[in-house]
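Colleague: Let us go through the labels on this model one by one. I want each term set against its cut-off.

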There are 2 protein chains.
Amino acid sequence: MTAIDFIEQHQPEYVEELKEFLRIPSISTRTEYKPDIERAANWLAAKLASSGMQRVEIIPTAIHPIVYGESAQAPDRPTILVYGHYDVQPAEPLEKWLTPPFEPSVRKGNLYARGSADDKGQLHIHLKALEALHKAEGGLPINVKVVIEGEEEIGSKNLWSFVIANERRLRADALVLSDTSMLGRGVPSITYALRGMNYYQVEVTGPARDLHSGVFGGAVPNPITVLAEGISRLHDKNFRVTVPHFYDDVAELSRGEKKEIESLPWKEKEFRKFVGASDLCGEKGFSVLERMWCRPTLELNGIWGGYTDRGAKTVIPSVAYAKMSTRLVPNQNPDKIARLVEGHIRRVLPKSVRVKFKVLSKGRPWIADYRQGIFQKAIASLEKGFGKKAVFIREGGSIPFVAQMQSLFKIPCVLLGFGLPDENAHAPNEYLSLENYFGGIKSVALFYRDLGANGNSG
Amino acid sequence: MTAIDFIEQHQPEYVEELKEFLRIPSISTRTEYKPDIERAANWLAAKLASSGMQRVEIIPTAIHPIVYGESAQAPDRPTILVYGHYDVQPAEPLEKWLTPPFEPSVRKGNLYARGSADDKGQLHIHLKALEALHKAEGGLPINVKVVIEGEEEIGSKNLWSFVIANERRLRADALVLSDTSMLGRGVPSITYALRGMNYYQVEVTGPARDLHSGVFGGAVPNPITVLAEGISRLHDKNFRVTVPHFYDDVAELSRGEKKEIESLPWKEKEFRKFVGASDLCGEKGFSVLERMWCRPTLELNGIWGGYTDRGAKTVIPSVAYAKMSTRLVPNQNPDKIARLVEGHIRRVLPKSVRVKFKVLSKGRPWIADYRQGIFQKAIASLEKGFGKKAVFIREGGSIPFVAQMQSLFKIPCVLLGFGLPDENAHAPNEYLSLENYFGGIKSVALFYRDLGANGNSG
């Protein structure tokens, strides 16, 4: 029996097993869910063992454990490192869920539950593909190492130290992960580029204390007004970021890349409907997809200062704050951009206020050359597994781990996304399409088999 | 014995009695202090009776009672309506008080307690002045009506309905109140103008839902950025408000008025030190006092949107908010200004966002002609009571009640302020200078006697 036949026979059991996994509320950000986190880790360890992993470990960290599995390693076969995460976002606001977040429910071919798409369901695809190869075809065709963390939703603090401490052990020919989305329903996709991200916090102090806005208004620097004026000077009228030298290192798209993006089966009308704003906006001279995928941005993520409760309070606050982030594209350097942004912010704010500027995090962009063999094998497997044309896409978000792994191991990273753009990851009514789930299991099995068939995939 | 002799003999008792009043935590905004509010009202009613009021009533309202007192009314004597409030602000942050807020304590000639300046101490000045006249001089030289509310710190919701319902009963020749500050220590002051205030809330909606700032960043309208850009367009580079026609009705100062303000014993250096900002700022072409007293302003009082907690969240929020207010000067009309501000805000914000604009309150400016006899009597009494030169000043804040009373009764309002600019009303370590307290009692007694001596004060 082939792995594909095996998968087709076991589809209903897969869904039941995934539901079992999704019922564990492994919310990483709340300490009261610590027992559920442990339960999820144990559950995974057992599944790894039945998916052909010879050694399985649950490795404690300062916060939540990492689950690690390793198949028998044959020197003549390529080695794949699979990454996933078993922790999930909190489910609030609970009242907006049509069915409870931790009671998985299938409606119209979609499986609804917190974690169904991000990332338990997508991770489960790999476990089932490996199990099918292992059980139906008499063993795995490749060497497999699996790293599953429980802190992705809270910043992956301990993952990177684990990687550094186990660099030799984790060596592989490629990293494979599924934690992204397809371009749209029915369009299997491989993500070959992610933007990097720097995150900043700005603190603007005017008066040394909160002042009465009647008694003092008109004569003292109001940090809210000053901060707003500063923010207004961060983009020009074409919505280009005004930070000097911000675009200096940006890799411009070739005509070919532009054409490929234009030719993707992506529907702006549906996108506009989903966003629901009166209009879109963005950097002049670029399409919507280019703006989100290929251009750097500066976005405000939060702002606060003064009185923010009901009714009125006549205050000129002492301090106002903003959180902002820059998304970075090849070949921008996060350290250089952080310096440029800080310098610009300090320049656009007047001397009447004191400014604190903090860099909360920095992260590099990532891009892969998808003409490499492994990507071609991956896309062919997706087309076979789904019976549909597959595409290479970019993604505007950031997965710092990918850029870090690429930089440490110099290996290709293959991002097979089985989510959908409206999957509601981090929001109520998160779902995974079962078509994508089953298509994913088949595609991944085909991909791993193909990698094994031709020896080392480097 | 004269009232002044009587006052000098009773000074230590006055302080003990005021301490008794200040020990009652009559915080109007917290329901758990309701019994203390009742206690404060009863305490006042008893003191009104011993200050020569023939009829004293505690009048319940939908929230906190009004205490009303009335002396015998002789038709040939002028009638004075005295206003005050017995409620106080909460005392938090408690840890910043050097001595507990409701355990009054004298240090270096200042009486520290919540309510010492705002307004229990200043109200007590009038009660003691009336008592001295009543007890030492064989009766009050004027007809007195006293209205004391318990909701000043929460918006005086029920005061105005009480006034309207008792319009005939409250008729008087002048309103007198002490709830303002002196220009500085040793400078007895009468406030003859207050700015009016309109308070607004603006809500800017971009996307219909919160979006991931990586996935969507660069292509959708960010309401924080848009709101900030809107705010940046509300002032020009000379810090003039850009709302068209905003200044049309502003009464410009005469050269004489400008000179009077310039000649006041006010120290910019001390003011700068108190404010503690790196620099001051304001409308070009006007002095600091003119900016705060005589020019209209538009101040941001609050702003919020997106992620405002610790660390980072990569969100483009659906909505961002701002609270703002305009201070108004003669002869600006609050209704007209509210319309102009709304129109301008809607014009400066782009079509890519939806805008909600709410007017939370509106209030007229107030100005009195201090050449009138009653003001001249008041300033002469202050100079006698303090033994110091007194001045007429303006104040940038707003007391809506004053403008309303002036407009309803067409009577002069005399604002005798005994607080100080750094008195910490609404903040920890609120205090009243005992020099101002005793000087105030004497001045007010002299003022009331003088008003009675010459018949109707109209």
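Modeller: Start with pairing: two strands pair if DSSP finds at least two bridges between them. Helices (H or I, at least four residues) and strands (E, at least two) are DSSP runs, numbered from the N terminus. The model is predicted, and local features need pLDDT of at least 70, side-chain atom pairs count only at pLDDT 80 or more, while totals for chains, interfaces and linings use all residues. Residues are numbered from 1 along each chain as its sequence is written, with chains lettered from A and ligands numbered from 1 in the order in which they are written.

Colleague: What makes β11(A) and β11(B) a pair?

Modeller: Five bridges join β11(A) to β11(B), residues 297–306 of chain B, in the antiparallel sense. That meets the cut-off, so they pair. A:G306 stands opposite B:G302. A:I303 has B:G305 as its bridge partner.

Colleague: Which strands make up the open sheet, and in what order?

Modeller: The order is β14(A)-β9(A)-β13(A)-β11(A)-β11(B)-β13(B)-β9(B)-β14(B), eight strands with antiparallel pairing. The edges are β14 of chain A and β14 (354–361) of chain B, since each pairs on one side only. From one strand to the next, the twist averages 25 degrees.

Colleague: What lies across β11 of chain A together with β9, β11 and β13 of chain B?

Modeller: Helix α6 of chain B, residues 223–232, lies there. It runs at about 15 degrees to β13(B).

Colleague: How many residues of each chain are in contact with the other?

Modeller: 69 residues of chain A are in contact with 69 of chain B. Contact here is a C-beta test (C-beta atoms, placed from the backbone, within 7 Å). Among the elements giving two or more residues on the chain A side are β9, α6, β13 and β14. β11(A) gives the most, with nine residues. By class, that side has 29 nonpolar, 26 polar and 14 charged residues. The classes are fixed: Ala, Val, Leu, Ile, Met, Phe, Trp, Tyr, Cys and Pro are nonpolar, Asp, Glu, Lys and Arg charged, and the others, Gly among them, polar.

Colleague: What makes the relation of the copies a two-fold axis?

Modeller: Chain A can be laid on chain B by a turn of 180 degrees and a shift of 0.1 Å along the axis, with an RMSD of 0.1 Å. That is therefore the relation of a two-fold axis. The same surface serves both copies, as 100% of the contact residues of chain A recur in chain B. The fit is by least squares on the C-alpha atoms of residues with pLDDT of at least 70 in both copies.

Colleague: Why are α3(B) and α13(B) called oblique?

Modeller: Their axes come within 8 Å and cross at roughly 50 degrees. Angles run from 0 to 180 degrees between N-to-C directions, with axes fitted to C-alpha atoms, for helices over the stretch in contact. Under 35 degrees is roughly parallel, over 145 roughly antiparallel, 65 to 115 roughly perpendicular and the rest oblique. The angle falls in the rest, so α3(B) and α13(B) are oblique to each other. The contact includes B:G121, B:I125 and B:A129 of α3(B) and B:Y437, B:G440 and B:V444 of α13(B). It has nine nonpolar, three polar and two charged residues.

Colleague: Which hand does that crossing of α3(B) and α13(B) have?

Modeller: Right-handed. The near helix is turned clockwise from the far one by less than a right angle; anticlockwise would be left-handed.

Colleague: What makes α1(A) oblique to α3(A)?

Modeller: α1(A), residues 3–22, packs on α3(A) at about 140 degrees, with the axes 10 Å apart. That value is in none of the named ranges, so α1(A) is oblique to α3(A). The crossing is right-handed. A:F6, A:Y14 and A:L18 of α1(A) are among the residues in contact, as are A:H124, A:K128 and A:A132 of α3(A). The tally is ten nonpolar, two polar and four charged.

Colleague: Why are some backbone angles worth flagging?

Modeller: Most residues other than glycine have a negative phi, and most peptide bonds are trans. A:K108 has a positive phi of about 50 degrees although it is not a glycine. A:K108 sits in the loop between β4 and β5 of chain A. A cis peptide bond joins A:D118 and A:D119, with omega about 5 degrees. A:D119 is in the loop between β5 and α3 of chain A. B:P330 and B:N331 are also joined by a cis bond, with omega about 5 degrees.

Conventions. Contact = placed C-beta atoms within 7 Å.
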